[in-house]
Amino acid sequence: MEKNKAPLLSMNDVSVSYGHVSALKNASLEVYEGEIVVLIGANGAGKTTILETVLGIYKPSSGDIVFLGESIKNNTADKNVRRGMFLVPEGRGVFPSMTVTDNLLLGAHHDLRDSDKKLKLVYDAFPILGQRKSQTAGTLSGGERQMLAIGRALMSSPKFIMIDEPSIGLAP
Ligand SMILES: Nc1ncnc2c1ncn2[C@@H]1O[C@H](COP(=O)(O)OP(=O)(O)OP(=O)(O)O)[C@@H](O)[C@H]1O
Ligand SMILES: [Mg+2]
């Protein structure tokens with residue numbers, strides 16, 4: 001990580017409300033290339049809200065979010081995904097009636113070039129997914145579904161991945 005470079009992502013004084021419920025007040029953080037940043041906090045502290053706001057699901061009521069040198073606070077989530085961001089959501093969000101391979105391909109839907117190469121990278125990282133590739137995701141164990149959700153994120157060749165509750169259901 002090179003801190004003399006600009007951060008990959010910065011969040012400056014961001015506040016978010018759900019209607020009248022204030023969920024986040026003046027939150028700031030920076031993430032540099034090559035860095036792993038961990039958010040730790042009590043239930044309801046606002047961790048998921050931070051990730052979903054960065055992705056573009058919620059709009060900040062104040063403050064700014066900058067990704068790759070540009071303000072993204074008014075971007076939609078799909079625009080942010082096309083620019084290299086991906087969220088592995090709490091609860092995984094895999095599609096149970098679709099096969100493992102089809103779930104993975106969804107992660108690359110905005111650019112299906114080299115998808116065989118990307119699939120191979122995921123199957124190398126998570127061999128169990130390779131063995132189960134034609135199986136529907138609903139028949140995977142909880143930890144295998146978490147691997148699938150992370151694999152789907154890798155399929156988008158992201159510059160920046162956010163993982164909500166990354167270790168749930170996974171062996172060390
Ligand atoms: N859709 C919503 N509508 C109203 N309030 C919400 C909504 N989603 C979250 N909140 C509230 O916003 C606050 C932050 O919630 P958030 O889900 O970001 O917490 P968290 O840190 O991810 O918690 P956990 O560790 O339980 O996952 C909480 O007080 C929560 O009740
Ligand atoms: Mg949460």
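A residue is called exposed if 12 or fewer other C-beta atoms lie within 10 Å of its own, and buried if 20 or more do, with partly exposed residues in between. These words are applied here to a predicted model, and helix H4 is a good place to begin using them.

On one side of H4, Asp-116, Lys-117, Lys-120 and Asp-124 are exposed, whereas Lys-118, Leu-119 and Val-122, which also belong to this helix of residues 115-125, are buried. Seen down the axis of H4, the buried residues fall within an arc of 100°, so they line one face of the helix. The cover over these buried residues includes H3, H6 and helix H5, the last of which spans residues 127-131.

From this helix we can step back to the domains. The domain assignment divides the protein into domain 1, residues 9-83, and domain 2, residues 100-162, and the centres of the two, taken over C-alpha atoms, are separated by 25 Å. Where the domains meet, six residues of domain 1 are in contact with four residues of domain 2. On the side of domain 1 that touches domain 2, H1 and helix H2 (77-82) each supply at least two residues, and the largest share, three residues, comes from H1. Sorted by class, this side of domain 1 has five nonpolar residues, no polar ones and one charged residue.

Helix H1 appears again around ligand 1. The shell of this ligand draws at least two residues each from strand E2 (21-31) and from helix H1 (47-55), and the largest share, three residues, is that of H1. Among the residues that surround ligand 1 are Tyr-18, Val-21, Ala-23, Asn-43, Lys-47, Thr-48 and Thr-49. By class, the shell is made up of four nonpolar, six polar and one charged residues.

Two residues in loops deserve a separate look for their backbone angles. Arg-92, found in the loop between strand E5 (85-88) and helix H3 (100-107), has a positive phi of about 75° although it is not a glycine. Ser-157, in the loop between helix H6 (142-154) and strand E6 (160-163), likewise is not a glycine and has a positive phi, of about 45°. Are these two residues buried or partly exposed? Arg-92 is buried, because 21 other C-beta atoms lie within 10 Å, while Ser-157 counts as partly exposed, because it has 15 C-beta neighbours inside 10 Å.

Terms used. Residues numbered from 1 in each chain as written. Chains lettered and ligands numbered in written order. Predicted model: local features only at pLDDT ≥ 70, side-chain atom pairs only at ≥ 80, totals over all residues. Near = placed C-beta within 6 Å. Helix = DSSP H or I, 4+ residues; strand = E, 2+ residues; numbered from the N terminus. Nonpolar A, V, L, I, M, F, W, Y, C, P; charged D, E, K, R; others polar. Arc of directions from axis to C-beta. Contact = placed C-beta atoms within 7 Å. Domains from an automatic or database assignment.
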